[in-house]
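Work through the exercises below with the model open. Try each task before reading its solution.

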Amino acid sequence: LISSGQIDIIFSSNPRYAIEHLYDPMHTTSVLTMFRHPVERLVSEFYYLQVASWESSYQPEWADMDILEWAKSHNSDNNHMVNKLAGNV
């Protein structure tokens with residue numbers, strides 16, 4: 001696919017796989033990665049899951065909880081992408 005010269009950009013949720021399997025010394029590229037700030041992402045998740053009744057991870061009990069209490073005792077976040085990029089997955 002890459003060697004065809006018809007590809008300008010690839011989007012992937014698995015950048016390590018893309019880099020290791022789609023490119024070679026003859027077909028290289030630059031990599032651009034965008035991440036949300038991890039604290040902003042967690043704050044957003046905290047408020048979103050208080051109201052998102054359509055989500056399987058809906059947490060209505062968080063509506064009465066202070067965000068600091070949640071962060072200390074209820075946050076069990078396991079950021080898959082951070083772990084993947086760090087080589088932990």
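**Exercise 1. Determine the fold pattern and the overall form of the protein chain.**

Step 1. Read along the sequence, the pattern is α-α-α-α. That comes to four helices and zero strands. Helices (H or I, at least four residues) and strands (E, at least two) are DSSP runs, numbered from the N terminus.

Step 2. Check the spread. The radius of gyration of the protein chain is 19 Å, well over the 12 Å from the globule rule for 89 residues, so the chain is more spread out than a compact globule. The radius is taken over C-alpha atoms, and the rule is 2.2 Å times the number of residues to the power 0.38. Along its principal axes the C-alpha trace spans about 55 × 25 × 20 Å.

Step 3. Note the ground rules. The model is predicted: local features need pLDDT of at least 70, side-chain atom pairs count only at pLDDT 80 or more, and totals for chains, interfaces and linings use all residues. Residues are numbered from 1 along each chain as its sequence is written, and side-chain values use heavy atoms, leaving out hydrogens and water.

**Exercise 2. Quantify burial, surface and contacts for the protein chain.**

Step 1. Of the 89 residues, 16% count as buried. Buried means under 20% relative accessible area, exposed over 50%, partly exposed in between (1.4 Å probe, protein chains only).

Step 2. The accessible surface comes to about 7,300 Å², and 54% of it belongs to carbon and sulfur atoms. Areas come from the Shrake-Rupley method with a 1.4 Å probe; for residues, only the protein chains shown count as cover.

Step 3. Take the contacts with a separation of 6 or more: residues 24 or more positions apart account for 36% of them. Contact means heavy atoms within 4.5 Å.

**Exercise 3. Trace the aromatic pairs that involve W70.**

Step 1. A search of the whole structure finds five aromatic pairs. Rings of Phe, Tyr and Trp (its six-membered ring) pair if their centres lie within 6.5 Å; planes under 30 degrees apart count as stacked, over 60 as edge-to-face and the rest as tilted.

Step 2. F46 and W70 form a tilted pair, 5.0 Å centre to centre with 40° between the planes. F46 lies in helix 2 and W70 in helix 3 (residues 67–73), so the pair ties together parts 24 residues apart in sequence.

Step 3. Check burial. F46 is buried at 1% relative accessible area. W70 is buried too, at 3%.

Step 4. Add W62. Its ring centre is 5.3 Å from that of W70 and the planes stand at 65°, so this pair is edge-to-face. W62 is buried at 10%.

Step 5. Ring pairs link F46, Y47, W62 and W70 into a cluster.

**Exercise 4. Which residues of helix 2 form a salt bridge, and how far apart are they in sequence?**

Step 1. The whole structure holds one salt bridge. The criterion is a side-chain nitrogen of Lys or Arg within 4 Å of a carboxyl oxygen of Asp or Glu.

Step 2. E45 pairs with R41; their closest N and O atoms are 3.9 Å apart. Both sit in helix 2, four residues apart, separated by about one helical turn.

Step 3. E45 is partly exposed, at 26% relative accessible area.

**Exercise 5. Place Y47 on the surface.**

Step 1. Y47 is in helix 2 (residues 38–51). Its relative accessible area is 45%, partly exposed.

Step 2. V39, V43 and Y47 form a nonpolar surface patch, with about 260 Å² of accessible area together. Patches are made of residues with over 30% relative accessible area and no salt bridge: like charges are joined within 9 Å, nonpolar side chains (Val, Leu, Ile, Met, Phe, Trp, Tyr) within 5 Å.
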